[in-house]
Amino acid sequence: MLLHILYLIAIVAEGITAALAAGRRNMDWVGVFLLGCITALGGGSARDVVLGHYPLTWVKHPHYLLITGGAALLTIAVARFMHRLHKLFLFLDAIGLVVFTVIGCNIAMEMELPVIIVIASGMITGCVGGVLRDILCNDIPLLFRSELYATVSIFTGCLYVGGLALELNHNLVMGTAMIAGLALRLLALRFDWSMPKFIYNRGDQQ
């Protein structure tokens, strides 16, 4: 129940952040609606297609489209106040990342897939929606920058799967994994932690 509530909060937050990205690209209302849905539900959809897990989440629960798209459209009316809530949405986005990761891991474990696929399923669920948003907005996806994002998802997934493998209490493992992942993401934002960058310049070889 708690995981479902956090999921709803997360998809609403993702819909709102997608609307702000759409506004920066001067998209019309249809674009805002679609980008909100794609960002919030795209990771789960990509996971389901890759794993052959049907029906897709939003097909089974079509009201998710109304929730995410509605949140995106509502953002248009209150966009002028959104800059005051920037830190809140970073926090909600971090919650969404760890919640989506755990849900993705659960789907793969229910299908009795290998551990590495379980971790990958969590990362796809947590990260691909943002990748699709950035691609549609013609930005370099956050996943491919040095910022700790995919790393947080993998870290959360490993903690979750590892705890379950040790046969620890499920709720304890889930809570610990999400709190640890959330803490890592927030600390990375606060102290600007990042992964090493690969910089290649052919001029250096001449």
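A residue counts as buried when its relative accessible area is under 20%. In this predicted model, Gly44 has a relative accessible area of 12% and is therefore buried. Gly44 belongs to helix α2. Its C-alpha atom is separated by 7.2 Å from that of Gly104, although the two glycines are 60 residues apart along the chain.

A look at the interior of the model comes next. The largest nonpolar core contains 43 residues. Those with the most contacts inside this core are Leu3, Tyr7, Ile11, Val99, Tyr160 and Met178. Helices that give two or more residues to the core are α1 (2-24), α2 (29-51), α4 (63-78), α5 (86-110), α6 (115-136), α7 (150-165) and α8 (170-191). Helix α5 provides the largest share, with 13 residues. The surroundings of Val99 offer a helpful view of this core: once residues up to four places away in sequence are set aside, Val99 touches Leu3, Leu6, Tyr7 and Met178. There is also a second core, separate from the one just described, with 8 residues. Among them are Ala18, Ala19, Val32 and Leu35.

Aromatic side chains add further detail to this picture. A pair of aromatic rings is described by the distance of the centres and the angle of the planes. The model holds 3 aromatic pairs. One of them joins Tyr7 and Phe100 in an edge-to-face arrangement, with 5.7 Å from centre to centre and 70° between the planes. Because Tyr7 lies in helix α1 and Phe100 in helix α5, this pair ties together parts that are 93 residues apart in sequence. Both partners are buried: the relative accessible area is 12% for Tyr7 and 5% for Phe100. Ring pairs also bring in Tyr64, so that Tyr7, Tyr64 and Phe100 are linked into a cluster.

Another pair is found at Phe191 and Trp193. These two rings are stacked, with centres 5.9 Å apart and an angle of 25° between the planes. Phe191 is partly exposed, at a relative accessible area of 46%, and Trp193 is likewise partly exposed, at 37%. Phe191 has a charged companion as well: the charged end of Arg190 sits over its ring, 5.1 Å from the ring centre.

The model also places a charged residue, Asp134, in a buried position. Asp134 is part of helix α6, and its relative accessible area is 6%. The side chain of Asp134 makes a polar contact of 3.1 Å with the side chain of Arg133. Apart from neighbours within four places in sequence, Asp134 is in contact with Asp139, Ile140, Pro141, Leu142 and Arg145.

Finally, the database record can be set beside the model. An unreviewed UniProt entry carries the annotation "domain: Glycine transporter" for residues 5-79 and 91-161. Over residues 5-79, the chain is 84% helix and 0% strand. The C-alpha atoms at the two ends of this stretch are 25 Å apart.

Notes. Residues are numbered from 1 along each chain as its sequence is written. This is a predicted model: local features need pLDDT of at least 70, side-chain atom pairs count only at pLDDT 80 or more; totals for chains, interfaces and linings use all residues. Side-chain values use heavy atoms; hydrogens and water are left out. A nonpolar core is a set of buried Ala, Val, Leu, Ile, Met, Phe, Trp, Tyr and Cys residues joined through side-chain atoms within 4.5 Å. Buried means under 20% relative accessible area, exposed over 50%, partly exposed in between (1.4 Å probe, protein chains only). Helices (H or I, at least four residues) and strands (E, at least two) are DSSP runs, numbered from the N terminus. Contact means heavy atoms within 4.5 Å. A polar contact is a pair of N or O atoms within 3.5 Å; within protein, one must be able to donate a hydrogen and the other to accept it, and residues adjacent in sequence count only if both atoms are side-chain atoms. Rings of Phe, Tyr and Trp (its six-membered ring) pair if their centres lie within 6.5 Å; planes under 30 degrees apart count as stacked, over 60 as edge-to-face and the rest as tilted. A charge sits over a ring if NZ of Lys or CZ of Arg is within 6 Å of the ring centre and within 35 degrees of the ring normal. UniProt positions are given in the numbering used here, feature names are shortened, and annotations may be inferred rather than shown by experiment.
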